[in-house]
Structure formats: C-alpha cells, structure tokens
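User: I am new to reading protein models. Can you walk me through some features, one at a time?
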4 protein chains.
Amino acid sequence: MNFNLNPRSHVPIWEQIVHQMKEMVMKEIFSPQDKIPSVRELSSQLVINPNTVSKAYQELERQGVIETIRGKGTFVAERSVEVQFSEQQAEKLRDELKRTIIEASYIGIESDMILQWTKELLDEFGGEPNAKR
Amino acid sequence: MNFNLNPRSHVPIWEQIVHQMKEMVMKEIFSPQDKIPSVRELSSQLVINPNTVSKAYQELERQGVIETIRGKGTFVAERSVEVQFSEQQAEKLRDELKRTIIEASYIGIESDMILQWTKELLDEFGGEPNAKR
Amino acid sequence: MNFNLNPRSHVPIWEQIVHQMKEMVMKEIFSPQDKIPSVRELSSQLVINPNTVSKAYQELERQGVIETIRGKGTFVAERSVEVQFSEQQAEKLRDELKRTIIEASYIGIESDMILQWTKELLDEFGGEPNAKR
Amino acid sequence: MNFNLNPRSHVPIWEQIVHQMKEMVMKEIFSPQDKIPSVRELSSQLVINPNTVSKAYQELERQGVIETIRGKGTFVAERSVEVQFSEQQAEKLRDELKRTIIEASYIGIESDMILQWTKELLDEFGGEPNAKR
DNA sequence: GTGGTCTAGACCACA
DNA sequence: GTGGTCTAGACCACA
C-alpha cells in the first residue's frame, strides 16, 4: 500500500491515512474482502507509531470502510448500496466545496478551470465502486 | 460587518473570520478602500478574544485582502488583476476539491448533484470582483 | 448444532457459542443428557480455532450448563430447580438491563417499545425449561 | 461529578465514563449548556490518564452528548428531538436485551422480577430529558 | 500474531 | 488553560 504522508501538514497523519484509504477503495485499488496490512505491519512500513495507525483503522471501521475480524486481521468491508447520507452531511460537504471555490476564485483561478477539475475528478471518483448490487 | 461565527465548529474562529471576510469581498459587500473595524472594535462586537481577531487580520493582511495604514486604520485592499497564482497554490486547491469529491461520492452523493453545486457556487462566486482593470 | 457465529462482531466467538448454547437449552432444543459434539468435531464443523471452542466449553462447564464425562464425551447437564442465584449475580444483570435501557432511551426508543420487547422476550425465554422438578 | 469506575471490569474505563455520563444526562443531573470538567481536571480527580478521559470525551462528542468549544471548555450539548435511530441500532439493543433476559432466566430469576426491573428502570430513565422542544 | 486499552509524557494550536 | 496529536512502551484478550 502506497501512502503519501506529510507530517508537516496540518491534517493529522491518522486523517491522511483515513482519506487515502478511502481514495484507494474508490479507485478500486482494493476490493471488498481484501486483507489490508495489520496495524503493526503498516506502522513499521510507514515508520510511524502503531497507535497512529490504530486510530486511523478505528475511524475507518466506524465509517464502515474496513472490518476487523478478531485474531485474523482487517479487511475491506462490503459496501451496501443503501448507504444513506443525511442532510447535515450533504450540507457540510457543500460548505467545503463553497470554501474551496471561494479560495480558488479569490486567487484568480478561472471558473472554467474549476469546472474542468470538477469534471475530471468526478470521472475519476464519481459513482459507487465496490457497492454490493 | 456581519459575521456568522460558530464556536462549536472545529474550524478555528480566526479561520472563519478570514474566510467570511473573503466571501464578503467576493460578493462585493465590501469595496476596496472601505474601512473595516479595528481589532478592538470587532472583538468587542463579536464578543471574542482580541487575539483571535488579531490573528485573522494578520492572515488577511498576509494574503493581501486588507491593508493597515498607520494611524488611519484598516482598509479593504485594492486588488490587482495581475495577481498570479502559483502552481503550488493551484495544486493545493485541486487537492482540496479532490478530497471533498471523494468524501461526497463515498457517502453516495450523485455526481450530478456535485456538478450542480459547483455550477451554482461558481455563478455566485466565480469571477474577480473588485479587481482593478 | 446450529450456531450462528459472526466473526465481525465485537463479541468474542467463544462468548457467542456460550450464549447460543444457553439459548438452545432455554428453548429446549437440547435436553439434559443429550450428547454434544467434541471440541474437535465442533471446531472443524464451524471452521474455527479449537482453542475457541475449548474456551467456550470450559465456560459452559463452569456455569454448569454442560458436563464432561471422561471417556464418554460431553453432555447437557441436568438442571436442578434449587439453583439459587446470588444477590451479586442479580445485581449484575439488573445493571446490564439498566445499561441497555439507558442506551435505548437515549437514542429515542419509546418506553412502550422497550416494554413490548421485554414482554415478547420473556414469553419466548422466561421460565426454567429442563429443570428437574 | 461522581463516577464509579471499576478498573477490574472488562468494560474499558473510557466506556464506563461514556455510559455514566449519559446516565447523568438522562437523570437530568446535567442540563444542556452545563460546563463539565476539563480533561485534565477530571483525569486528576479520577486519578487516571488524561488520554483515557480524552477518549471518553471524544466518543461523547461523536455521539452528540457533549460539545467542545475551543479554548473555553466542554459543555453538555443541546439535544434535538429529531434524533432518529436506525433499524440497525434498534436491532442491536433488542439483541442486548435478549441476551440479558436469557442470562437472567437461565439462573432462575423470575419473569415477574425481570418485568418489574424493566418498569422501574423505564420510570427512572424512559423519556427524553433535556430535549429541545 | 492480531487488535484494544492504558499510562506517561512531549508538543502544539487555539482563545 | 483548553483540547488534539503523536510517540513509546506495557499488558491483555482473542484466535
């Protein structure tokens, strides 16, 4: 697993792991049932503290991205289509989008460029890969 | 100045101020040369710690959004069109966009919805208001 | 013996076995003197680690649910009515009940619903089946 | 705040804190907006590690029981009536109830006693205290 | 070997 | 002063 962690970032390492893991699942680099490295393996590979990896894994499990089977290891979870997002979650993401668009427009990035980025990213990540149908 | 600050949010208050200030400039609620309240005035108006306002103003000044003129006060800065963004800045914003799109797709928000949001927000904030041409 | 084991659950597998075994006895699916599979048989049938079954059997024996007779095998134990529970045991179970009721009320499950569940479950499991009278 | 922590219990200390905190909110010992002790205060009062208290507070915040205001402290959250529980959550709690009832019946606790306990506990904790109406 | 809990202690951003 | 992150390391239950 290739993680690209930046310890200088203001985003905590455990959050970087959570996000990149979700990215890999969206990109179908991982499929449901795939075994992912143990906390100890990954922490020694990334040269970070096991507790940091553990925190990331716990958050991923809470979000239903991975599943832990006692004594056997950790696996990418089956994703159910029924996943229903709340109004609140949607609101929060729209706000994030707004924030990014204001920042981008402010420094002079053209609307067309932003729209193009969005389309490219949606082509890459839009849809629901790995969802049980 | 109407700020909508949420102390319960995990976004630092100084960052909320910075962002809303930029939003107001983008919406042309403020024009260059407009005087804005002093740190003391604003902090007592918003009932927050002066250090917080001070930090926000420092960041806004660093980004060239406002200017302080000794003995006269603080003003919205003139924006020049020639403002050129760096590759690095663009990269960072594209990454933010990517992050939001992954999260949104992950919880099942349709690509069409995300695209619609983007268009709406670009209509509202796209362009370069207040820029000296 | 039909066990419904869920390795993804955070309840240890040996505990799931213990509990389902007791449930089967309460439902009179088993009667005293019935022979139950050996550790080896059950572990290979359920495709789990023999140590896990062994731990479950030890706990069941400790609780007087099953009995091992050297050279003959393992059997459902005779239950005597005189089984007297201690204040401590009762206290512990009342606490568990309290915990569940607090959690349920907290997320907004109606008192009536909780009461109905209790009545249904008592109809299904209340009483002392298989007890020697 | 009176916590009754048992380090010998198999229930982690942070979980005991979470549960007892919810109990106190249900009993209206705390009301929304009430300030609760800081992580440092509580950890020194309970003579446990700050990280353990921190973990409990983070879980309580995730569940919407408390709110953190940066630099100001932690407060009991306003509870909204709209709290909607999922089928899955209800299922899990019914299972817990089932488990407790089987255990209780098994050791010979009368159905009437269990029903009485339930009614007493519902009188004490049923309903939605502190909910914004 | 696997993950979970807990302690001890450092460092940092925020207000 | 407040909480959040991270490291280091011990101990434990489970399989």
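Analyst: We will take a hairpin, a DNA strand and some salt bridges in turn. Keep in mind that this is a predicted model.

User: Start with the hairpin. Which strands of chain A are joined by bridges, and how do they run?

Analyst: Look for bridges between two strands, then check their direction. Here strand β2 (residues 66-69) of chain A is joined to strand β3 (residues 73-76) of chain A by 4 bridges. The two strands run antiparallel. For one opposing pair, find A:I69, which stands opposite A:G73 in β3(A).

User: What lies between the strands of that hairpin?

Analyst: There are 3 residues between β2(A) and β3(A). In this hairpin, A:G71 takes a positive phi near 70°. As for side chains, here is the general idea. In a regular strand they alternate between the two faces of the sheet.

User: Now the DNA. How many residues surround DNA strand F, and which are the closest?

Analyst: The count is 27 residues. The closest are A:I13, A:W14, A:T52, C:K55 and D:R40. Those names come from chains A, C and D. By class, the surface near DNA strand F has 14 polar, 8 nonpolar and 5 charged residues.

User: Which parts of DNA strand F come within 4 Å of the protein?

Analyst: Sort the DNA atoms into sugar or phosphate on one side and bases on the other. Of the atoms of DNA strand F within 4 Å of the protein, 73% belong to sugar or phosphate. The rest belong to bases.

User: Which side chains have a polar atom close to a base nitrogen of DNA strand F, and at what distance?

Analyst: Take two cases. A polar side-chain atom of A:N51 lies 2.8 Å from a base nitrogen. For D:R40, the distance from a polar side-chain atom to a base nitrogen is 2.7 Å. The phosphate has a contact too: an N or O atom in the side chain of C:W14 is 3.3 Å from a phosphate oxygen of DNA strand F.

User: Which elements give two or more residues to the surface near DNA strand F?

Analyst: Go chain by chain. Chain A offers α1 (13-26) and α3 (50-62). Chain C offers α1 (13-26) and α3 (50-62). Chain D offers α2 (39-46), α3 (50-62) and β3 (73-76).

User: Next, salt bridges. How many does the structure hold?

Analyst: Over all chains there are 30 salt bridges. One of them pairs B:R94 with A:E120, at 2.7 Å from N to O. B:R94 lies in helix α4 (residues 87-106) of chain B and A:E120 in helix α5 (residues 111-125) of chain A, so this pair joins two chains. B:R94 is partly exposed at 21% relative accessible area, and A:E120 is partly exposed at 32%.

User: Which chains does the salt bridge of C:E120 and D:R94 cross between?

Analyst: Start with the distance: the side chains of C:E120 and D:R94 meet at 2.7 Å, N to O. This pair crosses from helix α5 (residues 111-125) of chain C to helix α4 (residues 87-106) of chain D. C:E120 is partly exposed at 33%, and D:R94 is partly exposed at 21%.

User: How far apart are B:R62 and B:E59 in helix α3 of chain B?

Analyst: They are 3 residues apart in helix α3 (residues 50-62), so about one helical turn separates them. Their closest N and O atoms are 2.9 Å apart in a salt bridge.

User: Are B:R62 and B:E59 buried or exposed?

Analyst: B:R62 is exposed, with 63% relative accessibility. B:E59 is buried at 18%, because buried means under 20%.

User: Which residues are linked in a network of salt bridges?

Analyst: One network links A:E23, A:K27, A:E124 and B:K98.

Definitions and conventions: Residues numbered from 1 in each chain as written. Chains lettered and ligands numbered in written order. Predicted model: local features only at pLDDT ≥ 70, side-chain atom pairs only at ≥ 80, totals over all residues. Heavy atoms only, no water. Pairing = 2+ DSSP bridges. Near = heavy atom within 4 Å. Polar contact = N/O pair within 3.5 Å; in protein donor to acceptor, adjacent residues only side chain to side chain. Nonpolar A, V, L, I, M, F, W, Y, C, P; charged D, E, K, R; others polar. Salt bridge = Lys/Arg side-chain N within 4 Å of Asp/Glu carboxyl O. Buried < 20%, exposed > 50% of the residue type's maximum accessible area, 1.4 Å probe, protein only.
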